[in-house]
Every structure is written in C-alpha cells, then in structure tokens.
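The following exercises introduce a protein structure to a reader who has not met it before. Each task is followed by a solution in steps.

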Amino acid sequence: MPVVPMPVNSFTWIFGVTVAFAILDAYAIGANDVANSFATSVGSRSLKLWQACSIAVFTELGGALLLGGVTTGTIKDGIIQLGRFDARQDLLMAAFMCALIGSSTWVMIATRLGWPVSTTHSIIGALIGVGISAFGPSAVNWNWEGKGVPFVIAGWFVAPALAGVLAAIIYGLTAQFVFKAKNPLRAGIFALPVYFTVTTFIVTFFVVTKNGRSPFKISSPSLGQPIAVTGDVALGMGIIGGITGAMLLFTTLFAVPFFIRKLEKEEDIKWYHLFYIFLVPTQPRNENLELELSRQFTPHLVEEGKDFVVVDQAKKDTVVVEGTATTTAVVTKNDETDKTIVDTFKGAFSGIYAAATKGLTMDIAAEQSASAKEAHHHATLYDNKVEYLFSFLQVMTASFASFSHGANDTANAIGPLAAVYDLWSTGKVAKNANVELWMFVLGGLSIDLGLVLWGWRIMVNLGNNLTYHSPSRGFAMELGAATAVITATFFALPVSTTQCIVGATIGVGLMNGSLKAVNWRMVSWTMFSWILTLPIAGLSAGILYTILTRGPSFNYPTA
C-alpha cells in the first residue's frame with residue numbers, strides 16, 4: 001500500500017528524545033565497540049591508554065566524516081518489514097525511538113559490567129522487539145535468507161571461530177619463522193617489510209571496500225550466492241595498490257635501517273628518527289635499552305626495590321616506610337577537623353576530575369583478576385626486542401580498524417536518528433534515509449567521549465583478562481579479526497567485529513600450548529552477554545513501545 005505521510009514537524013518530543021538517546025547509543029558504542037579496536041594495543045603496552053584515546057578521537061571522527069555513507073539503512077539488514085508501517089508513519093517514528101532506547105540501555109549496562117557485546121546485534125534485537133510488539137512475530141524475518149534472526153545467531157559461533165583460526169595461523173607462523181629462528185631479531189627486522197606490506201594491503205582493502213562512500217564493493221547477496229564485484233574496480237585497486245606499494249618502499253628503505261641501528265646496534269635514537277634515518281649521525285649506545293623494553297612489555301618480571309612514601313599534607317612531613325613495589329605509592333592523610341566549604345568543593349572537584357581522567361591514566365595491563373594472572377603464567381615469553389618490532393604493526397592495525405569503524409558502525413546510532421529526522425521534517429521516510437553532516441559530527445564526538453570516559457571498562461577485560469597480551473600476539477589478534485571480517489563479507493557470513501576480536505584473542509591464547517593460557521571464566525561471561533543481547537534489547541524496546549502505543553492516553557476515546 002502507498003505510504004501515508006504524517007503532518008510535518010509532528011511529535012517533536014519524539015525527535016528530541018531520539019536525539020538524546022542517539023547520543024547515548026553512540027557514547028555506548030565508543031565505550032564498548034571502539035574499545036575493542038585498541039584493547040589489544042593497550043593490553044600489550046604498545047600504547048598507553050591516553051595515546052590510544054588520542055588516536056581514536058581522530059580516527060573515529062575522521063572515518064565518520066570522510067567515509068561515512070551519505071545514506072543509511074533505516075531497518076538494519078531488513079530485520080523487520082518496513083512496509084507494515086506505511087499507513088502509520090507516526091508509529092514508525094516511535095518504533096525507532098524505542099529501539100534506540102532499548103539498544104543504548106543494554107550496551108551501557110554491558111559496558112558497566114565489562115562485557116564486550118555487539119552493538120550491531122543490540123540494535124537488531126531492539127528492532128525485533130518493536131517489530132513483534134507492533135505486528136506480532138510475523139513482522140520479523142525469521143529465515144536465513146535476507147539476513148534474518150538465524151543469520152544473526154549463527155554469527156555467535158561463526159565469527160569467533162573464523163577469527164580464532166586466522167589469528168592462530170598468523171601467530172603460529174610468526175612464532176615459527178621469527179621467534180624460533182636462529183637469530184630472531186635479525187629475522188624479525190628483515191620480515192618487517194613483508195608484515196607491513198601484507199598488513200597494509202589487508203587493512204586498506206577492508207577500509208576501501210567497506211566504507212559508505214567506496215567506489216569499489218565486493219560482496220555476496222547471501223551465503224552460497226556468487227560474489228559480486230561492483231563499482232570502479234580500477235580506481236579501488238589503484239588506491240589499494242598505491243598505498244600498499246608506498247608502505248613496502250618506506251619499510252624497506254627506512255624501517256629496516258632504523259631498527260638495525262636501534263635494536264641491533266642499540267643506538268639511542270628516537271621514534272621520529274625513523275622518517276629521516278639516513279640523516280641521523282651515529283648516536284651513543286643506549287645502555288638501558290633492555291631494561292626499558294622490559295619495563296614496557298614485561299614489568300611484572302622486573303623487580304625494582306622502591307619504597308612506599310606516605311605524605312602527611314597537614315603537617316607536610318614525609319615518612320618513608322620500608323617496602324618493595326614497582327611504583328611509588330603516595331598516601332595522603334586527611335584531617336577532617338579543619339575542613340572548610342572551600343575544601344569540600346575542592347574535594348568534590350578532585351573526585352570528578354579523577355573519575356573523568358581515569359580512562360586516560362590507568363594502566364590497563366596491570367588490572368588483572370586472579371584467574372587472568374593464572375592464565376598469564378602459562379604464556380610463552382619471547383625477546384622484548386623482537387616484540388618491540390610488532391608494536392608498530394599493532395598501532396597501525398588498531399588505527400585502521402578504528403578508522404573503518406567510524407566509517408561503518410556510526411550508522412548503528414545515527415541510522416535510526418536519520419530515519420526519525422526524515423519523518424519529523426518530511427512526514428515520511430524511505431528505506432535509506434539521508435544522513436546530515438551534523439549527525440555524523442554528533443555521532444563521532446559522542447563515540448569519542450564514550451571511549452575516553454568508559455572505554456577502559458572493556459579494555460581491562462578484552463585487552464588483558466582473556467589471555468596474556470604482547471605486541472606480536474596483539475598484532476595477530478587484530479589482523480586475524482580484520483581478515484575474518486573481510487572474508488565473511490565476501491561470502492555473506494554473519495560476523496560481528498566484537499565477536500571476531502574475542503575469537504582471535506582466544507585463538508592466539510591457545511597457541512601457548514595449554515588450555516590454561518585462556519581465562520575461560522571471562523570467556524564464559526563474554527559469551528553469556530552475547531546470548532543476552534538480542535532478548536534483553538528486544539524486550540526493553542518492545543515493552544516500551546507497547547506502553548507508548550497501547551497504554552492509557554489522554555487521547556483515549558470515551559463513550
């Protein structure tokens with residue numbers, strides 16, 4: 001039946017509430033989904049937490065603004081039938097609002113508990129809930145065809161399995177041909193151009209073919225269907241080939257001599273010397289290189305005898321207490337007797353500041369549960385000089401993953417918002433809604449804020465508590481997850497980036513040769529959260545929709 005438009009600028013309150021919860025949903029995506037991109041880099045200490053957040057602020061917003069689609073699907077993957085709402089566009093407006101409320105609420109709860117869940121599956125579950133509430137189970141696609149509910153459920157098993165196998169293969173090859181070589185450091189240095197070139201090809205291919213404005217697409221309509229290549233193939237492959245070739249030249253001409261001087265000759269050169277290494281004169285030998293790398297990557301193995309320092313700020317006296325620790329602890333004694341209103345406000349401000357900056361200052365890798373510590377004891381450790389090589393690769397893969405995430409998954413929050421805006425401003429909505437620039441900015445900034453303030457909650461578990469992380473392991477995890485997503489896209493397999501990185505982490509952990517190298521307690525909680533995502537997001541959105549559309553109202557007809 002033809003679409004029956006509703007009056008323009010109707011239900012402004014629904015539009016306002018939708019904007020608010022789109023911001024919350026984007027915040028939750030940043031805290032949960034984006035944290036996945038950098039969890040392994042932070043967990044392996046290739047990056048500090050504040051460095052990861054600083055990079056992500058630009059890559060997420062840049063991906064959304066530069067490569068985000070100018071249109072977005074209003075019904076995620078056709079999970080419910082849009083035509084059912086043709087006669088009541090106002091109910092569709094309410095449905096999108098309820099879906100965002102249900103999705104954002106669940107992801108925020110999961111993030112608070114430290115559970116890495118799929119934000120894509122959360123919005124799908126919420127749409128299923130409102131679809132059933134509005135028209136019954138028949139409104140939902142329960143078939144495999146058309147990426148229905150069975151397709152989504154299959155992703156709980158396909159995604160982690162595929163990513164786990166690929167990541168294990170990557171790490172296994174690295175261990176065999178680099179770490180177990182006669183001269184691991186020399187083998188690692190000369191393998192760098194190969195690693196960087198292959199990695200650049202994969203991540204560039206992923207970004208070019210998956211972003212919303214790509215001139216080049218490779219995909220299959222459904223599982224078992226032929227792979228279709230659309231768009232300007234020459235332009236797409238030219239971009240991919242050009243970037244990959246440039247990386248090959250750069251690593252061969254600059255990276256190899258840089259690492260020979262820094263790690264083999266142990267010259268005291270800085271990271272920025274990489275870009276003009278031939279102009280840098282011979283530097284003095286860095287006598288503390290081994291210790292510096294040990295403190296960076298394996299601080300739990302470095303024994304430092306330091307004292308605890310207790311500072312009494314009331315008396316300004318310092319008391320040294322004998323002890324051994326890896327860091328200096330400062331304990332402040334507070335005198336409550338002379339506390340003034342000014343002191344109260346100062347204390348409140350200090351508490352707010354500490355909470356706001358916790359996501360930038362804490363040491364993720366040091367936050368270990370008892371079960372995680374047990375898993376770490378079963379990990380095989382290798383030369384920190386060789387591990388240092390992979391930290392550069394890991395930062396690159398994490399940055400590309402974040403950039404691609406900004407280009408694609410921002411639509412989870414702004415897709416429903418774009419639909420509601422179309423309904424509010426024009427009275428109806430098409431299957432693909434136009435996305436305004438302000439929506440990309442709003443979504444990108446909210447994602448960044450979520451990562452900075454709450455991203456540490458996911459990084460603690462995914463970047464450290466599942467298994468032991470090192471730069472080489474983290475690189476294999478990130479590349480395995482990215483490769484799994486690309487492979488799945490070609491064959492229309494159901495995957496989630498969150499589930500891929502979890503599977504890749506488990507796969508690399510098992511390569512230690514012991515089941516005990518993986519924290520199965522954390523794995524169980526993670527998979528439990530995946531199972532809860534569809535029903536909880538669906539129930540919360542569906543119940544809210546029922547209350548709004550079928551509950552008592554001042555407009556209820558009277559006899």
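The exercises below concern this predicted model.

**Exercise 1. The protein as a whole**

Task: Describe the secondary structure, the burial and the contacts of the protein.

Solution. Step one is to count the elements: the protein has 16 helices and 7 strands. Step two turns to burial, where 52% of the 559 residues count as buried. Step three concerns the surface: the accessible area comes to about 25,000 Å², and carbon and sulfur atoms supply 66% of that area. Step four considers the contacts with a separation of 6 or more, of which 77% join residues 24 or more positions apart.

**Exercise 2. A kinked helix**

Task: Determine where helix H13 is kinked, and state how many of its residues are buried.

Solution. Helix H13 covers residues 437-465, and its kink of about 65° is centred on Trp 454. The cover of the helix comes next: 21 of the 29 residues of H13 are buried, and H13 is thus described as mostly covered. Finally, the ring of Trp 454 has a charged neighbour, as Arg 457 lies over its face at 4.9 Å from the ring centre.

**Exercise 3. Aromatic pairs**

Task: Classify the pair Trp 115 and Phe 528 as stacked or edge-to-face, and locate both residues in the chain.

Solution. The protein contains 25 aromatic pairs. In the pair of Trp 115 and Phe 528, the ring centres are 6.3 Å apart and the planes meet at 80°. An angle over 60 degrees counts as edge-to-face, so this pair is edge-to-face. As to location, Trp 115 belongs to the loop between helix H3 (89-112) and helix H4 (119-135), while Phe 528 belongs to helix H16 (residues 520-550); the pair therefore ties together parts 413 residues apart in sequence. The two residues may also be assessed for burial: Trp 115 is buried, with a relative accessible area of 11%, whereas Phe 528 is partly exposed at 38%.

A second pair, Phe 179 and Phe 390, is stacked, with 6.0 Å from centre to centre and 25° between the planes. Phe 179 lies in helix H5 (residues 149-179) and Phe 390 in helix H11 (residues 384-408), so that the pair links parts of the chain 211 residues apart. Both Phe 179 and Phe 390 are buried.

Beyond these pairs, one aromatic cluster is formed by Phe 250, Phe 254, Trp 271, Tyr 272, Phe 275 and Phe 278.

**Exercise 4. Surroundings of two buried residues**

Task: Establish which residues are in contact with Trp 106 and with His 121, leaving aside neighbours within four places in sequence.

Solution. Trp 106 lies in helix H3 and is buried, at 4% relative accessibility. Its contacts include Trp 115, Val 117, Ser 122, Ser 529, Leu 532, Thr 533, Ile 536 and Ala 537. Of these, Ala 537 is 431 residues away from Trp 106 in sequence, yet their C-alpha atoms are 5.9 Å apart. His 121 is found in helix H4 and is buried as well, at 6% relative accessibility. The contacts of His 121 are Val 152, Trp 156, Ser 496, Gln 499, Thr 533 and Leu 534. Thr 533 therefore appears in both lists.

**Exercise 5. Cysteines**

Task: State how many disulfides the structure contains, and decide whether Cys 98 is buried or exposed.

Solution. A disulfide is a covalent bond between the sulfur atoms of two cysteines. The search of the whole structure finds 0 disulfides. Cys 98 has a relative accessible area of 0%, so it is buried. Cys 500 is likewise buried, with a relative accessible area of 0%.

Methods:
Residues numbered from 1 in each chain as written. Predicted model: local features only at pLDDT ≥ 70, side-chain atom pairs only at ≥ 80, totals over all residues. Heavy atoms only, no water. Bend = angle between axes of the 7 residues up to and from the residue. Helix = DSSP H or I, 4+ residues; strand = E, 2+ residues; numbered from the N terminus. Buried < 20%, exposed > 50% of the residue type's maximum accessible area, 1.4 Å probe, protein only. Contact = heavy atoms within 4.5 Å. Areas by Shrake-Rupley, 256 points an atom, 1.4 Å probe, with all protein chains shown as cover. Phe/Tyr/Trp six-rings, centres within 6.5 Å; stacked < 30°, edge-to-face > 60°. Lys NZ or Arg CZ within 6 Å of the ring centre and 35° of its normal. Disulfide = S-S within 2.5 Å.
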